[in-house]
Amino acid sequence: AMKTQPIESEAPGRSSIQQLVHGCYFHDACSIRAAEPGLDPLSQFLRVARSTPAWIDGAMKLRNRLVSLLGLKDLGGLSAVNLSKKASEYKPGDRVGIFTLLSTSETEVLLGDSDKHLDVVVSVHRQQSASGDQAVVTVTTVVKVHNWLGRLYMVPVRPAHRLVARAMVRAVGNGA
């Protein structure tokens, strides 16, 4: 089967993340046709996080080492999600790998992380076709920075984020 490629997009209309884009320091969005359209947004994220490529976890390890020098917190690895926990068992406030679950619904999950330098919110949004047999998943990232350290942090993170986000979105589109 032809591998679908992620496409650059915008935060989906009427999504919760769309309200956060205004006035933010950085945002991007990437969409793909889901290999498993029936999975709710949190399940889409968990499916992908569980099969995080080694290079991404390697990049996270490097990030964690570097940022600890700046006084930012070590987030651990993207793949560090509880493998036995179902999407339906997560409640807002729970950790999901490197993120905290902010909200979850049939159409969108918001995951975030905050420290004194910046706030990051990631939305995984699912737009199903009328028949439900197809779905477009859009991953939107919004960053708000609080100070110059946050801006400095974003210099290497911006291009790295792009690679990681595209790889994760590509995985949403690939049947395992």
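Here are four short exercises, with worked solutions, on the predicted model above.

**Exercise 1. Helix packing**

Work out how helix H2 and helix H4 are oriented where they pack, and which residues make the contact.

*Solution.*
- Start with the geometry: H2 covers residues 41-50 and H4 covers residues 148-173, and they pack at an angle of about 110° with their axes 9 Å apart.
- Now classify the angle. Since 65 to 115 degrees counts as roughly perpendicular, H2 is roughly perpendicular to H4.
- Next, list the partners. H2 brings Gln44, Arg47, Val48 and Ala49, while H4 answers with Met168, Ala171 and Val172.
- Finally, sort these residues by class: 5 are nonpolar, 1 is polar and 1 is charged.

**Exercise 2. The enclosed space**

Find how many cavities of 30 Å³ or more the structure holds, and describe the lining of the largest cavity.

*Solution.*
- Begin with the count, which is 1 cavity of 30 Å³ or more.
- Its volume comes next: the largest cavity has about 50 Å³.
- Then walk around the wall, where you meet Glu8, Asp28, Ala29, Cys30, Arg162, Ala165 and Arg166.
- Assign these to elements: strand S2 (26-33) and H4 each give two or more residues to this lining.
- Close with the classes, which come to 3 nonpolar, no polar and 4 charged residues.

**Exercise 3. The open space**

Determine which element gives the most to the lining of the largest pocket, and what classes of residue are found there.

*Solution.*
- First, get the volume: the largest pocket has about 850 Å³.
- Look at the lining next. It consists of 37 residues, and those nearest the pocket's centre are Met60, Arg63, Tyr153, Val157 and His161.
- Now collect the elements that give two or more residues: H2, helix H3 (54-70), strand S5 (108-114), strand S6 (118-128), strand S7 (135-145) and H4.
- Pick out the top contributor, which is H4 with 12 residues.
- As for classes, the lining has 30 nonpolar, 4 polar and 3 charged residues.

**Exercise 4. An aromatic pair**

Describe the geometry of the structure's aromatic pair and say where its two rings sit in the chain.

*Solution.*
- Count before you describe: the structure holds 1 aromatic pair.
- Identify the rings as those of phenylalanine 45 and phenylalanine 99, which lie 6.2 Å centre to centre with 65° between the planes.
- Planes over 60 degrees apart count as edge-to-face, so the pair of phenylalanine 45 and phenylalanine 99 is edge-to-face.
- Last, place the partners: phenylalanine 45 belongs to helix H2 and phenylalanine 99 to strand S4 (residues 99-104), so the pair links distant parts of the chain, 54 residues apart.

Note on methods
Residues numbered from 1 in each chain as written. Predicted model: local features only at pLDDT ≥ 70, side-chain atom pairs only at ≥ 80, totals over all residues. Heavy atoms only, no water. Axes fitted to C-alpha atoms, helices over the stretch in contact; angles between N-to-C directions. Helix = DSSP H or I, 4+ residues; strand = E, 2+ residues; numbered from the N terminus. Parallel < 35°, antiparallel > 145°, perpendicular 65-115°, else oblique. Contact = heavy atoms within 4.5 Å. Nonpolar A, V, L, I, M, F, W, Y, C, P; charged D, E, K, R; others polar. 1 Å grid on protein atoms, 1.4 Å probe; cavity = no way out; pocket = protein on both sides within 12 Å on 5 of 7 lines; lining within 4 Å. Points joined across faces, edges and corners; volume = space filled by probe spheres on them. Phe/Tyr/Trp six-rings, centres within 6.5 Å; stacked < 30°, edge-to-face > 60°.
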